[in-house]
Structure formats: structure tokens, C-alpha cells
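Hi,

Here is the structure I said I'd pass on. Have it open while you read, and I'll walk you through what turned up.

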Amino acid sequence: MAAHRKPRPAPLGRPAARTAATLALASAATATLFEGSGHADPTGPRRTPAQVRTEVDRLYQEAEAATERYNGAKERADAARVSYDRLRDEAARRTERLNTARQSLGAVAAAQYRSGGLDPALQLALTADPDDYLERAALAQKAGDRQAAAVTAVRREIAGLAQLRAESADRLTALRGHEAELRRQKATVLDKLAAARRLLARLTAEERARYEAAVAARATPATAGTSGTAAGGGAAARADRSSGARGTGAGSGATPASASAPATGRASAALSFARAQLGKPYVWGATGPSAYDCSGLTQAAWRAAGVSLPRTTYTQINAGRRVSRSELAPGDLVFFYSGISHVGLYIGGGQMIHAPRPGAPVRIAPIDEMPFAGATRIA
């Protein structure tokens with residue numbers, strides 16, 4: 001019987017050994033697949049450096065649009081909070097006045113109770129000095145009139161207090177809504193910025209250096225001229241246009257007729273402030289003095305010139321008189337993208353000072369760097 005048994009297959013070994021072998025094969029396959037390609041991108045195939053730049057630019061632009069929505073939500077939340085606090089303070093003051101009036105009425109009522117509340121005719125009949133009684137009765141009538149006025153005042157305070165409390169509840173509801181919007185926009189900004197960082201992390205050191213050089217090449221050095229026109233600005237703008245760098249907005253390439261006119265008055269003061277901020281970092285939601293986002297910089301610059309601007313790009317564009325691209329003069333606000341999500345301060349020669357995005361400090365750059373959307377003259 002033993003001679004007819006089939007031979008047993010060779011043992012495969014322990015489960016741990018099989019698992020190790022499987023992982024080794026998988027690791028070898030992975031190493032072969034991604035050899036020399038850097039970190040794997042969990043969201044899809046590896047992009048070329050040019051594709052990374054395009055995608056990062058898109059993410060930064062979307063993050064900036066979300067930043068401006070965040071700025072608007074914060075402005076509304078701050079206003080709602082101030083209004084809510086004011087209503088609460090007023091309600092506290094009215095409550096104090098109501099309590100004082102109630103105490104006064106309570107004292108009068110107690111005095112009446114102690115006097116027995118006798119009928120006036122009976123008091124006149126029992127008094128030994130009618131003249132004295134009539135005099136006291138006249139005083140009592142005046143006191144009664146004051147008491148009636150006090151009662152009316154108490155009723156008015158009660159009604160006003162109820163209205164204030166209803167308004168406070170409405171303000172609190174609005175405040176919570178704005179705060180929720182604030183949290184949503186903050187999450188969107190952080191998500192976009194994190195995605196951009198992940199993409200950049202996939203570049204090799206050499207690719208990252210080329211990417212940073214390409215980004216830096218878009219800007220004129222911070223030491224450019226200090227008058228209304230940046231030194232070399234026109235040449236930089238022409239070079240940027242000739243290379244096709246994002247100058248796809250309406251009117252792109254048109255040279256403002258007033259490009260060489262120096263800034264004067266408040267515009268000069270705004271530009272002087274903006275130039276002093278060159279090199280400071282971009283931080284989303286920041287309004288200075290150590291960091292800025294795009295609308296925070298323009299708001300701070302014009303505040304230094306004595307003009308109060310709204311907080312966001314999409315409200316700043318309506319803060320002055322609209323001007324065409326060909327009419328641009330130093331000090332004008334220049335806006336970009338169809339959603340009006342970026343703003344800079346025009347300095348002449350086709351150049352602007354702006355806070356570009358995270359990793360790119362406040363600097364001078366050509367207005368052809370982004371799709372042009374409009375311009376506004378503040379003063």
C-alpha cells in the first residue's frame with residue numbers, strides 16, 4: 001500500500017515566511033515602478049515639474065479666493081459680534097433701570113398699605129384741620145401723577161427690554177452663522193495650501209530649485225525704482241508678455257497712457273507705505289504690520305494715506321471710481337481673475353506691488369502676471 005502513495009508537495013514554509021516573501025516581491029515591484037521618480041503621489045500618476053507648477057498655481061489661486069471669502073466672513077462676524085455685545089450692554093443698562101423703577105414703585109405701594117388706604121372723603125371728615133388736609137391731598141395728587149408716570153416708564157422699559165432681547169437673539173444667530181462660515185473657509189484655505197505643499201514635496205531638489213527660480217522670475221527685484229515708475233518695469237512686463245506668462249486677461253498687453261506719471265497726494269503716501277513693506281511675508285488673513293495677504297496690504301497702504309478701504313478684494317473694487325487698463329495711474333488698485341480674488345497696488349510702467357501667495361513675499365511684479373479683471377482709483 002505504501003508503494004502506491006502519491007508524493008507530497010514540498011512544504012511552503014511558515015505563514016510569516018510566506019508573508020515576508022510576498023512583501024519583498026511587492027517592494028521590488030514598487031521600487032522598479034517608481035525608480036528615480038521621487039515620492040509617490042497618492043492622488044494619481046506623477047506629474048512633470050511643469051504640471052506641478054500649473055497645479056500649484058491653481059491651488060494657490062483657489063486658496064486666495066477662499067482667503068478673500070474668509071476675510072469677508074470674518075468682517076461680518078466681527079460686525080455681528082460688536083452689534084451683539086452692544087445690544088447685551090444696552091439690555092443690562094435697561095434691566096438696571098427697570099429694577100430701580102420697580103423698587104421705587106414697591107416703596108410707594110408699601111407706604112400706601114401702611115397708611116391704611118382710607119377714602120379721601122372720610123379722611124377729610126375726620127381731620128381736625130381741613131386746610132392742612134387739602135394741602136396734603138394736593139401733594140398726594142402730584143405724587144399719584146408721578147407714580148402713574150413711573151408705572152408707564154416701567155411698562156415702557158419692559159417692552160423695550162423684550163425687544164432688545166429679541167434683537168440680541170437674532171444677532172447671536174447671525175454671529176453663529178458667520179462663525180460657521182469662517183470655519184468652513186478656513187478649512188478650505190488650509191486644505192488647498194496643504195495640497196500645494198504635497199505637490200511641491202514630490203519635486204526633487206533640482207526641480208524645486210527650478211520651480212522657485214521660475215516663480216521668482218515673475219517679479220521685479222524689490223530694489224526697483226522708488227518713483228512712480230519701477231526701474232526696468234516696462235522691460236520686465238514686455239519680457240513676461242513675450243514668454244506668454246499668464247497674460248490672458250481682457251486687455252492684456254495694453255500699455256497705460258499714464259504709466260510714466262508720478263504718484264501725487266494720497267496715492268503717493270499709499271505707494272510709499274507699500275514700498276516699505278517689500279520683502280514681508282504673505283500670510284493669509286493678515287493685515288500687517290509684519291505680514292499681509294493681498295487685500296490686507298492694499299487696505300493698510302491706503303489707511304496710511306488716510307483712506308479707509310473695505311477688507312476684501314470684491315468690496316475694494318467698488319471703493320472708488322472704475323478706470324480702464326489704458327487709464328491706469330500710480331496708486332490705482334488693480335484686480336485679477338474673474339472672481340476678483342487678487343489685488344495689487346499699481347506703481348506705473350505695467351508694474352504693481354502686491355502680496356502674491358504663501359512663500360512669495362510682498363514684491364514688485366508685472367500686472368500681466370495674472371488675468372486682469374479691472375481697476376479702481378481711490379483718490
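**Aromatic pairs, a cavity and a strand**

Let's start with Tyr70: with a relative accessibility of 14%, Tyr70 counts as buried, because the cut-off for that is under 20%. Trp284 is buried too, at 18%. Keep in mind that this is a predicted model.

Why pick those two? A search of the whole structure gives two aromatic pairs, and Tyr70 and Trp284 make up an edge-to-face one, with 4.8 Å from centre to centre and 75° between the planes. This pair ties together distant parts of the chain: Tyr70 sits in helix H2 (residues 49–115), while Trp284 is in the loop between helix H7 (265–276) and helix H8 (294–304), 214 residues apart.

The other pair is Phe336 with Phe372. Their ring centres are 6.1 Å apart and the planes meet at 80°, so this pair is edge-to-face. Here strand S2 (residues 333–336) brings Phe336 and strand S6 (residues 372–377) brings Phe372, 36 residues apart. Both of these Phe residues are buried. Have a look at Arg325 as well: it lies over the face of Phe372, 5.1 Å from the ring centre.

Next, the holes. The whole-structure search finds two cavities of 30 Å³ or more. I'll stick to the second largest, which has a volume of about 30 Å³. You'll meet Trp284 again there, since the lining is Tyr60, Ala63, Glu64, Thr67, Val189, Leu193, Tyr282, Trp284 and Pro358. H2 and helix H4 (130–201) are the elements that give two or more residues to this lining, and H2 gives the most, with four. Sorted by class, the lining has seven nonpolar residues, one polar and one charged.

Finally, back to S2. Which residues sit on each side of S2? Leu333 and Phe335 are on one side, Val334 and Phe336 on the other, and all are buried, so both faces of S2 are covered. In a regular strand, side chains alternate between the two faces of the sheet.

S2 also has strands to pair with. It runs antiparallel to strand S3 (residues 342–348), with four bridges, and four bridges also join S2 to S6, again antiparallel. Phe335 is a handy spot to check both: it stands opposite Val343 in S3 and opposite Gly374 in S6. S2 and S3 form a hairpin with five residues between them, and Tyr337 in the turn has a positive phi of about 75°.

Have fun poking around!

Methods. Residues numbered from 1 in each chain as written. Predicted model: local features only at pLDDT ≥ 70, side-chain atom pairs only at ≥ 80, totals over all residues. Heavy atoms only, no water. Phe/Tyr/Trp six-rings, centres within 6.5 Å; stacked < 30°, edge-to-face > 60°. Buried < 20%, exposed > 50% of the residue type's maximum accessible area, 1.4 Å probe, protein only. Lys NZ or Arg CZ within 6 Å of the ring centre and 35° of its normal. 1 Å grid on protein atoms, 1.4 Å probe; cavity = no way out; pocket = protein on both sides within 12 Å on 5 of 7 lines; lining within 4 Å. Points joined across faces, edges and corners; volume = space filled by probe spheres on them. Nonpolar A, V, L, I, M, F, W, Y, C, P; charged D, E, K, R; others polar. Pairing = 2+ DSSP bridges.
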